[in-house]
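Student: I would be grateful for a close look at a single part of this structure, followed by an account of how the rest of the protein is arranged.

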Amino acid sequence: MNQFLENQYTKLGISKEVLAFGAKIEEELKDRFAMIDARAEVNQLKVIEAMQKNKVSAECFNISSGYGYNDLGRDTLEKVYADCFKGEDALVRPQITCGTHALALALMSNLRPGDELLSPVGKPYDTLEEVIGIRPSKGSLAEYQISYAQVDLLEDGSFDYEGIKKAINEKTRLVTIQRSKGYATRPTLSVERIGELIRFIKGIKPDVICMVDNCYGEFVEEREPLEVGADMIVGSLIKNPGGGLAPIGGYIVGKKECVENAAYRLTSPGLGKEVGASLGVIQSFYQGLFLAPTVVSGALKGAIFAANIYEKLGYKVVPDSTESRHDIIQAIELNSPEALCAFCEGIQAAAPVDSYVTPEPWAMPGYDSDVIMAAGAFVQGSSIELSADGPLKPPYAVYFQGGLTWYHAKLGILMSLQKLYEHQLVKID
Ligand SMILES: *Cc1c(COP(=O)(O)O)cnc(C)c1O
């Protein structure tokens, strides 16, 4: 290894043993990393093509305030998103506060009282339980007489086609398909599998709206869900497509009518997309989208590196060391509270921000056990930046994701291992 590099790792606190172990694993991953780079190249070109086609110019970075009428930067960015993700139209706004808000907006604007929402892939992301009203909540879809049906995946992770067919009825208006497993144990869906599911559903009811919760999935593959028949994709800008630079925001891309409905709900009937000042954040949206393909590739390499390191050490990792990837989340079952805390300590110690603090488990609202979280991010709560968290209960799984660069993700993972090693929780040889 390059002497300068070794010295630098030593200065940051990585021991020779950990470094050598990591180097061996990295060497074995060369071919996979090359595939990820090739995919990032396709996606990088896709983004540039969309920017060129829509004539992104310096004027697009001007700051609008007040009503934000004729905001060229905002309107052009929405065309860029539409082209990049292959939709007819897009809504990309700082007024969409997070992923949950974007999803709630897409649902509430495209459903009407008496309609039914169907999830054919099991329970959706935690925060959507209150949006839908699975857990009673003020303003939920349930309060507006929008009912909900759910069909779980079969034990082996496949779609319950029989059950889905039975669940689709005259009230079914919108189907929500979550691409990433989030923090559940089911497998993440590839774009191809999402396409199969949509074809099946549209075969039964052609006019049903198929929405994909695209959080954590953007730029992981060469294709996005709109290319396999989805009507609308929804996500957060403090995850993949914001490239770590967007300080806030969410997006909805898809059929013109779906996006229009969302716009009239976000602002007001009659106003729709015409208002909504961008307040100076729009340049970071462009720049973040521009960087997103390489940022996502770094995060993916980090996830695969971690899976291989910890699997080799005997831990259960999900996805496993060789599986194909469809989102950027990695889970590792660490089997003890000490190991979980040490792992998070390492991720925190490797951060560019707040590296000097030690994460402590605490009782977070909504959880039935203490939770530990590690994050040293430029954008608060951003999970495209390297971050880790896990509930202090068996199997003491840590969920980790992100990394704005591969080198930072690598340092974080080596540091997690360093802490386990220092606390004598693992043996490496
Ligand atoms: C993160 C996430 C959400 C919610 O996004 P927030 O920005 O945290 O509100 C919804 N669905 C999935 C699959 C996610 O990963």
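Is Ser336 buried or exposed, and why does it count as such?

Tutor: The model is a predicted one. In it, Ser336 counts as buried because its relative accessibility is 17%, and the cut-off for that class is under 20%. The residue occupies the loop that runs from strand E9 (330–333) to helix H11 (337–349). A polar atom of the Ser336 side chain is placed 3.0 Å from the backbone nitrogen of Ala339.

The chain as a whole provides the setting for this loop. The protein contains twelve helices and twelve strands. Its radius of gyration is 22 Å, close to the 22 Å given by the globule rule for 429 residues, so the protein is as compact as a globular protein of that length. Along the principal axes, the C-alpha atoms fill a box of roughly 65 × 50 × 40 Å. Of the 429 residues, 56% are buried, and Ser336 is one of the residues in that class. Among contacts with a separation of 6 or more, 70% join residues 24 or more positions apart.

Strand E9 also borders a second loop, the one that connects it with strand E8 (316–318). Pro319 is located there, and the peptide bond between Val318 and Pro319 is cis, with omega about -5°. A further cis bond, with omega about 5°, joins Pro394 and Pro395. Pro395 belongs to the loop between strand E11 (387–391) and strand E12 (397–401). Such bonds merit notice because most peptide bonds are trans.

Two residues deserve mention for their backbone phi angles. Lys86, which is not a glycine, has a positive phi of about 65°. Its position is in the loop between H4 and strand E1 (89–93), and at 41% relative accessibility Lys86 counts as partly exposed. Gln424, likewise not a glycine, has a positive phi of about 55°. Gln424 lies in the segment that follows helix H12 (406–422) and counts as exposed because its relative accessibility is 73%.

Two other loop residues show how parts of the chain that are separated in sequence come together. Ile14 sits between helix H1 (3–12) and helix H2 (16–28), and with a relative accessible area of 3% Ile14 is buried. Although 400 residues separate Ile14 and Leu414 along the chain, their C-alpha atoms are 7.1 Å apart. Beyond its neighbours within four places in sequence, Ile14 has contacts with Tyr9, Leu19, Leu411, Leu414, Met415 and Gln418.

Tyr125 is placed in the loop between strand E2 (116–119) and helix H6 (128–132). Its relative accessible area is 25%, and Tyr125 is therefore partly exposed. A distance of 7.7 Å separates the C-alpha atoms of Tyr125 and Tyr183, which are 58 residues apart along the chain. With neighbours within four places left aside, the contacts of Tyr125 are Gln178, Gly182, Tyr183 and Lys239.

Empty space within the model can be examined as well. Rolling a probe the size of a water molecule over the atoms shows where such space is left. The structure has one cavity of 30 Å³ or more, and the volume of the largest cavity is about 40 Å³. Its lining consists of Ser119, Val121, Gly122, Lys123, Pro124, Leu128, Thr176, Gln178 and Asp213. Gln178 thus belongs to this lining and is also a contact of Tyr125. By class, the lining of the largest cavity comprises three nonpolar, four polar and two charged residues.

The second largest pocket encloses about 310 Å³ of space. It is lined by 16 residues, of which Glu78, Asp89, Lys256, Lys273 and Glu274 are the closest to its centre. Helix H4 (72–84) and helix H9 (256–266) each contribute at least two lining residues, and H4 gives the largest share, namely five. The lining of this pocket divides into ten charged, four nonpolar and two polar residues. Helix H4 therefore has a part in the pocket lining and also precedes the loop that holds Lys86.

To return to the residue of the request: Ser336 is buried at 17% relative accessibility, and its side chain has a polar atom 3.0 Å from the backbone nitrogen of Ala339.

Notes: Residues are numbered from 1 along each chain as its sequence is written. This is a predicted model: local features need pLDDT of at least 70, side-chain atom pairs count only at pLDDT 80 or more; totals for chains, interfaces and linings use all residues. Side-chain values use heavy atoms; hydrogens and water are left out. On a 1 Å grid over the protein atoms alone, a cavity is a set of points where a 1.4 Å probe fits but cannot get out, and a pocket is an open set with protein on both sides within 12 Å along at least five of seven lines; lining residues have an atom within 4 Å of a point. Grid points are joined across faces, edges and corners, and a volume is the space filled by probe spheres set on the points. Helices (H or I, at least four residues) and strands (E, at least two) are DSSP runs, numbered from the N terminus. Ala, Val, Leu, Ile, Met, Phe, Trp, Tyr, Cys and Pro count as nonpolar, Asp, Glu, Lys and Arg as charged, and the others, Gly among them, as polar. Buried means under 20% relative accessible area, exposed over 50%, partly exposed in between (1.4 Å probe, protein chains only). A polar contact is a pair of N or O atoms within 3.5 Å; within protein, one must be able to donate a hydrogen and the other to accept it, and residues adjacent in sequence count only if both atoms are side-chain atoms. The radius of gyration is taken over C-alpha atoms; the globule rule is 2.2 Å times the number of residues to the power 0.38. Contact means heavy atoms within 4.5 Å.
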